[in-house]
Amino acid sequence: MFEEKVLKKIKDDKEKWEQGPLGKSLAKSPEAKPVFTTISGTPVERLYTPLDVEDLDYERDLGYPGTFPFTRGVQPTMYRGRYWTMRQYAGFGDAKSTNERYRYLLEQGQTGLSVAFHLPTQAGYDSDHPLSMGEVGKVGVAIDHIDDMRVLFDRIPLDKVTTSMTMNAPAGVLLAMYLAIAKEQGVDWAKVGGTVQNDVLKEIICRGQYIYPPRHTMRLTVDLIEFCQKSVPKWNTISISGYHIREAGSTAAQEMAFTLADGIAYTQACIERGMDVDSFAPRLSFFFNAFTNVLEEVAKFRAGRRYWAKVMRERFKAKDPRSMMLRYHVQTGGVTLTAQQPLNNIVRVALQTYATALGGGQSLHTNSYDEALCLPTQQAVTVALRTQQIVAEESGATDTIDPLAGSYYVESMTDRIEAEVDEYIKKIDAMGGTLSAIEQGYIQKEIQNSAYRFQKEIETEERVYVGINKYTMEEPPPTGLLKVDMSVGEKKAAELKQYRANRDNAKWKAALDKLREISATDQNVMPYVIEAVTAKATVGEICDVWRNIYGEYRPKEFV
Amino acid sequence: MAQKIKMIMAKPGLDGHDRGAKLLARVCAEAGMEVVYTGLRQTPEMIVAAAEQEDADVVGLSSLSGVHNYFFPKVVELMKQKGLEDVLLVGGGIIPEEDYDFLKKSGMNAIFGPGTPTGAIVDFIKENVRKR
Amino acid sequence: MAHDFAAQILEGSNRAAARLISWLEDEDERAYECMKEIYPHTGRAFVVGITGSPGAGKSTLTNALAREIRQSGLKVGILAVDPSSPFTGGALLGDRVRMSDLADDPDIYIRSMATRGFLGGMAKAASDVVKVLDALGKDVIVIETVGVGQDEVDIVGVADTTCVVLVPGLGDAIQSMKAGIMEIADVFVINKADRPGADMLCAEVSARIEMDAHLRERGWVAPVNKSVAVEGVGVHELWLSIEAHRKYLFDSGRFYESRREKIAKEALRMIHGELFRVVREQLEQSGRLDAAVEKLMNKKLDPYTLMRDTLTEWLSSSQCKRRHDEDTKG
């Protein structure tokens, strides 16, 4: 980017500065610590200059928004066209109370829905299963069957909102219910937009909501992708997630590397199914975390976009530019929140939101300040949403595209993260690919080691965490926390009994039998899942069909 | 040979967030304990069976999905039924302070909320664990 | 108290068994009285060893095998052995994670165990734990451990049937041939057999077995099984192979011989361990070990003389002397 003559001069001058003013200053008073690092442990230099980006080629490495390699953004106008989608993850109790929260959020200016399901649904159990005891309606909404889904989207037109569903191993079942409800509402599937997470690999790596062994669960993932590509063209068929990898303790670069490694595995699996890369890749979406170190996060997003574009073009020979775009949702870092002095979390979330805006994300969930204590209260949720609105509409971060481009530090960090990602991907390839790296526990161990390093840094006070190891204070226990009604479980169990008693048994049984038959073949299961949910089969019943055929996954590796 | 502290580290319920549980397991092992990790999706019955078979001195329960008030007392109750009253029971995770009293009254020996240094947990176990 | 404990174990008390195992692990004196009491009630259970390199899927296979064995109504004890850290003395025992399926079956008892730094090797503690589980009423006891051929973790001497688990793609076959695993296997299992390379590994192992059979007359030729333990595939067949080996042991009289060898080895090992413990304790506590080491360092003494002197002194000490004299008189 710079002429050699200019660089030479900068190098000479920098040395002069180091020996002169800097040297004198350091002699008088040394810096606060010998090494400065990001929260990921990456060393940070005192000063970045053109010397750190001397190999940068603007046209090759940065280019223009909406064009390869998409370093500067995936759309030509970015937030000058429209802001990111403000999408708050929400759900608790039964379908009715969650439906009320959704309609409140939409009235407050939220632009998309994001369904939090309770753990039994995520793990493929009905609310009255023994393992569901105590969990019903706790961390999300209890959805057992199509009637619940109908109540959940009552008075919400499915052609007007887009809905994201955090649903993985049983993703097909919940999407089937959603599509069935859309049909009831008279909405053409071509107009239905949204996302299912459908990312089973990261469940095995770190999030724990797995059901089936990797090979089989991947088959269901690909079935969904293939089905939507033909029948629900606007649906984002997967949200390949680094969020939870970061929550589990990874560094920024590991988050990007392991997520893209998962992305490569899904792409490969779809191609092996016989799909053309450009037929499905434009609907692959991603999901990342945003921590408080704004500059490192921005570099991470930029590096990820550039690397993925190259992977798609070079490795998978994609031709459609949309296949090369790393489009992603962001959630602010849940683990960065502290239970101590919880109002401080508002500031953390604001910085993380700022990082997302400067990094060019497509949608965002901001955490509520009380989430290290409980599920968010309405007041906390409102502040979280307002935080996004302030960053979008007051901060100026949205006025120009990729404003940090050209910063010597950010460009250098972008290169560094991209190089680290590349190193991991190469290592994983050498291990026989992502599935095999997961089976060997490699990815899990890398994450756990980073988590351990970070914890040690906090405990030795090498890294400051406000309210945890510095600026601590006595405070009265917080009050007014959200309590989920424990009786939802009993209500749901009684209601399920009724539901099962009142359905057309012959129709129900025929649908499940058919699904069982198809699931043992290579045929796409999705049409039969839709038939089964319409015939009133429950989430647990459908998941059991697959449990019986595919077996259940048990994690293999430990620290 | 000296007695070693044997610990069960368990995650009751369906919550899959095991960063804290695994981290603590590792820290306790480094402090010289023998730590049995049970993995996810444990029912109170499974946890107590493990405690009995392993002759555990400590049982650690980690919960981040808000189900502590349901699961922890259940574990305490079953431990009592099996005659395992002298086993130290500690809990951690996303547990609001206002629940501490209830959990302690129901028989938990200690609750460690978010941000507790792992060293403090190790010390508590070493100071309060039974002799076999 | 020892009597009460033993009685409780014989009546099937998990809790009493659990405590006795802890005492054995701690080498606590209280264990030995109990062990004496239960000894007459042991030797009934059939012991299966599962061994192989890390990542071979041993725990998953053990889990599936235990379920299979339960189908036939037999009660199962599982001993899952993991290494202790040589630096901290602690251990992370993760095998139960893969055995969640078994947790609510009252007729299955699972015990995780760290190798610690047992005198006389892992085998001592393992063979004692097997006795406890046997007395507790378990019909089949499965011992699962990493590695064989090393003193520390060599539990092969405890098992009636040793299953060696191999997986394609880890260079396992070659490794095991070097480590002498081929010789100790009664049954081979190629786990994760849905992976590429499984057939080749199977062929390699079979060829090696055939070669062995030519070289040496053997009553039993180790079968090579394939399994996908995660999905329960091939586990029934594995159990059939183990049963076949058991039948062979009985029919050929090998069972009796092999048990006799094991008991002899075990008795010697125990005497060796206890003698060594007592001698070492005396040397250490009297400060004489330090003094001797100092001399060894300065080359004022050589370890050969030290060994002879220690032994002579030990044998001439009052208690032993009498016994020694009696023995020589006889």
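Definition first: I call a residue buried under 20% relative accessible area, exposed over 50%, and partly exposed in between (1.4 Å probe, protein chains only).

**Entry: ground rules**

I'm working on a predicted model, where local features need pLDDT of at least 70, side-chain atom pairs count only at pLDDT 80 or more, and totals for chains, interfaces and linings use all residues. Residues are numbered from 1 along each chain as its sequence is written, chains are lettered from A and ligands numbered from 1 in the order in which they are written, and side-chain values use heavy atoms, with hydrogens and water left out.

**Entry: salt bridges**

I looked up the total and got 84 salt bridges over all chains. The cut-off I use is a side-chain nitrogen of Lys or Arg within 4 Å of a carboxyl oxygen of Asp or Glu.

I started in chain A, with A:R150 and A:D147, whose side chains form a salt bridge at 3.0 Å, N to O. Where do A:R150 and A:D147 sit relative to each other? They are three residues apart in helix 5 (residues 146-152) of chain A, so about one helical turn separates them. Helices here are DSSP runs (H or I, at least four residues), strands are E runs of at least two, and both are numbered from the N terminus. I have A:R150 down as partly exposed at 33% relative accessible area. A:D147 is partly exposed too, at 24%.

Next I went to chain C and its C:D28 to C:R30 salt bridge, where the closest N and O atoms are 2.8 Å apart. Is C:D28 buried or exposed? C:D28 counts as buried, at 19% relative accessibility. Its partner C:R30 is partly exposed at 34%.

Still in chain C, I found C:E274 paired with C:R277 in a salt bridge of 2.7 Å, N to O. Both lie in helix 10 (residues 254-285) of chain C, three residues apart, or about one turn of the helix. My notes put C:E274 at 36% relative accessibility, partly exposed, and C:R277 at 25%, also partly exposed.

Back in chain A, I noted one network joined by salt bridges that share partners: A:D126, A:D128, A:R500, A:R503 and A:E541.

**Entry: chain C overall**

I count 13 helices and eight strands in chain C. Of its 330 residues, 48% are buried. For contacts (heavy atoms within 4.5 Å), I took those in chain C with a separation of 6 or more, and 76% of them are between residues 24 or more positions apart. The accessible surface (Shrake-Rupley, 1.4 Å probe; for residues, only the protein chains shown count as cover) of chain C is about 16300 Å², with 55% of it belonging to carbon and sulfur atoms.

**Entry: chain A against chain B**

I find 44 residues of chain A in contact with 32 residues of chain B. The buried area, meaning the accessible area (1.4 Å probe) that two parts lose on being put together, summed over both, is about 3100 Å² here, and carbon and sulfur atoms give 56% of it.

How many salt bridges are there between chain A and chain B? The count is zero. I do get eleven residue pairs in polar contact between chain A and chain B, both residues at pLDDT 80 or more. A polar contact is a pair of N or O atoms within 3.5 Å; within protein, one must be able to donate a hydrogen and the other to accept it, and residues adjacent in sequence count only if both atoms are side-chain atoms.

On the side of chain A that touches chain B, the elements giving two or more residues are helix 4 (119-122), helix 7 (200-207), helix 9 (243-247) and helix 17 (442-459) of chain A. Helix 17 of chain A gives the largest share, seven residues.
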